[in-house]
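Here are a few notes to read alongside the model. I've kept them to the ring pairs and the main pocket.

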Amino acid sequence: GILGAGYNYESDDEPFVVEGGFGAHIPIVKRFRINMEAKSQWMSSFSDTYVNKSSFSILPAFRILPHLELFAGPSINYMETDNIKNKSMFPGSNLWKKYREDKLEQVFIGYTAGIQWIF
């Protein structure tokens with residue numbers, strides 16, 4: 001499972017972030033595997049407005065030390081908000097978008113990269 005909490009410094013209106021999702025590890029060889037994740041982030045100030053981002057990622061991962069792994073890969077994302085002020089949080093390029101007076105929606109390609117400590 002995936003659980004997370006944080007703070008979004010790009011938005012004064014929706015600064016608090018919670019995240020949840022599911023992941024899977026597909027072993028290929030001893031030091032290489034494919035990680036797959038489906039997750040959703042909810043950004044809000046715990047008021048009436050929000051930003052929601054749902055994503056699916058495929059992340060090749062290389063174990064460089066017994067407890068340290070590097071990973072990176074593409075994601076497909078759907079993002080929506082009911083607060084027009086959050087338009088700056090949406091990426092400039094997209095596969096699909098729909099902007100109305102009361103809701104912004106967008107589908108786009110992104111990426112994730114990181115280092116993971118394995119317990």
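**Notes on rings and the largest pocket**

1. Before anything else: Phe90 is buried, at 7% relative accessible area, where buried means under 20%, exposed over 50% and partly exposed in between (1.4 Å probe, protein chains only). Keep in mind that this is a predicted model, where local features need pLDDT of at least 70, side-chain atom pairs count only at pLDDT 80 or more, and totals for chains, interfaces and linings use all residues. Numbering runs from 1 along each chain as its sequence is written, and side-chain values use heavy atoms, with hydrogens and water left out.

2. On to the rings. Rings of Phe, Tyr and Trp (its six-membered ring) pair if their centres lie within 6.5 Å; planes under 30 degrees apart are stacked, over 60 edge-to-face, and the rest tilted. That gives five aromatic pairs. One of them, Trp42 with Tyr50, is stacked, with 4.7 Å between centres and 5° between planes. Trp42 is partly exposed at 39%, while Tyr50 is buried at 15%.

3. Back to Phe90: its ring centre sits 6.3 Å from that of Tyr99 and the planes meet at 85°, so this pair is edge-to-face. Tyr99 is partly exposed, at 29%. Elsewhere, ring pairs tie Tyr7, Phe16 and Phe46 into a cluster.

4. Which strand gives the most to the lining of the largest pocket? Strand 7, with five residues; strands here are DSSP runs (E, at least two residues), numbered from the N terminus.

How values were computed. Helix = DSSP H or I, 4+ residues; strand = E, 2+ residues; numbered from the N terminus.
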